[in-house]
Amino acid sequence: MGKAVHPKWTGRRRPWWRSLLAARLMLVLALLGITSVANVATGDQRQRVHSSGGSSSKVVFRKAGCDIKGNINERGEHIYHMPGQEYYLATRVNPVRGERWFCSQWEAWWAGWRKAKV
């Protein structure tokens with residue numbers, strides 16, 4: 001009677017792609033780490049835009065040079081007003097309601113706000 005040999009130890013080698021599948025978690029974590037380091041090294045602006053200002057009452061006062069007003073109207077639309085527009089002076093920023101100041105049109109657009117039509 002011969003010994004029973006476990007199929008895993010038959011001497012056959014696994015294809016290279018099966019090894020990659022077995023190590024996919026480590027591969028994904030390594031790729032995420034590389035992209036995170038690359039974002040920090042290049043000064044990626046997306047992270048800073050979403051973390052600065054927030055939509056809560058953390059930021060009550062605006063930063064110098066950030067004079068674009070982010071306003072939420074009665075219908076819940078997120079609209080930003082530029083200096084010189086018709087309703088700019090009448091618009092008030094209430095951080096408790098989620099309204100905020102922006103430093104650039106790009107920042108407002110990236111945060112999901114649209115420009116006032118008038």
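**Entry 1: surface patch**

I take a patch to be made of residues with over 30% relative accessible area and no salt bridge, nonpolar side chains being joined within 5 Å. With that in mind I looked at this predicted model and found that Leu25, Met26, Val28, Leu29 and Leu32 form a nonpolar patch on the surface, with about 510 Å² of accessible area together. I then looked up Leu25 on its own, and noted that Leu25 sits in helix H2, which covers residues 24-42, and that Leu25 is exposed, at a relative accessible area of 57%.

**Entry 2: the chain as a whole**

I counted four helices and four strands, and reading along the sequence I wrote down the pattern α-α-α-β-β-β-α-β. Of the 118 residues in the chain, 21% are buried, and the accessible surface comes to about 9,500 Å², with 61% of that belonging to carbon and sulfur atoms. I also looked at how contacts span the sequence: among those between residues at least 6 apart, 58% join residues at least 24 apart.

**Entry 3: the core and Tyr80**

Which residues make up the largest nonpolar core? I listed seven, namely Ile68, Ile72, Tyr80, Met82, Phe102, Ala108 and Trp113. I followed Tyr80 further: Tyr80 lies in strand S2 and has a relative accessible area of 5%, so I enter Tyr80 as buried, the cut-off being under 20%. Leaving aside neighbours within four places in sequence, the contacts of Tyr80 include Ile68, Phe102, Ala108 and Trp113, and also Lys69, Gln85 and Arg114. Trp109 is another contact of Tyr80; the two residues are 29 apart in sequence, and their C-alpha atoms are 8.7 Å apart in space. For Phe102, with the neighbours within four places again set aside, I noted contacts including Cys66, Ile68, Tyr80, Ala108 and Trp113, and Glu107 is also among them.

**Entry 4: Glu99**

Is Glu99 buried or exposed? I found a relative accessible area of 2%, which is under 20%, and therefore I enter Glu99 as buried. Glu99 is in the loop between strand S2 (78-81) and strand S3 (100-102). I next asked what the side chain of Glu99 meets, and found one of its polar atoms 2.7 Å from the backbone nitrogen of Asn94. The side chain of Glu99 also meets that of Arg97 in a salt bridge, at 3.1 Å from N to O, and Arg97 is partly exposed, with a relative accessible area of 47%. Beyond the neighbours within four places in sequence, Glu99 is in contact with Gly70, Asn71, Ile72, Arg92, Val93, Asn94 and Trp113. Ile72 and Trp113 in that list are also members of the largest nonpolar core.

**Entry 5: other salt bridges**

How many salt bridges are there? The count comes to four. Besides the Glu99 and Arg97 pair, I looked up Arg100 and Glu107, whose side chains meet at 3.5 Å, N to O, and both of these residues are buried. Salt bridges that share partners join Arg75, Glu77 and Arg114 into one network. Within that network I checked Arg75 and Glu77, where the closest N and O atoms of the salt bridge are 3.2 Å apart. Arg75 is exposed, with a relative accessible area of 68%, whereas Glu77 is partly exposed, at 28%.

Definitions and conventions: Residues numbered from 1 in each chain as written. Predicted model: local features only at pLDDT ≥ 70, side-chain atom pairs only at ≥ 80, totals over all residues. Heavy atoms only, no water. Helix = DSSP H or I, 4+ residues; strand = E, 2+ residues; numbered from the N terminus. Buried < 20%, exposed > 50% of the residue type's maximum accessible area, 1.4 Å probe, protein only. Polar contact = N/O pair within 3.5 Å; in protein donor to acceptor, adjacent residues only side chain to side chain. Contact = heavy atoms within 4.5 Å. Core = buried A, V, L, I, M, F, W, Y, C linked by side-chain atoms within 4.5 Å. Patch = residues over 30% accessible without salt bridge, like charges linked within 9 Å, V, L, I, M, F, W, Y side chains within 5 Å. Areas by Shrake-Rupley, 256 points an atom, 1.4 Å probe, with all protein chains shown as cover.
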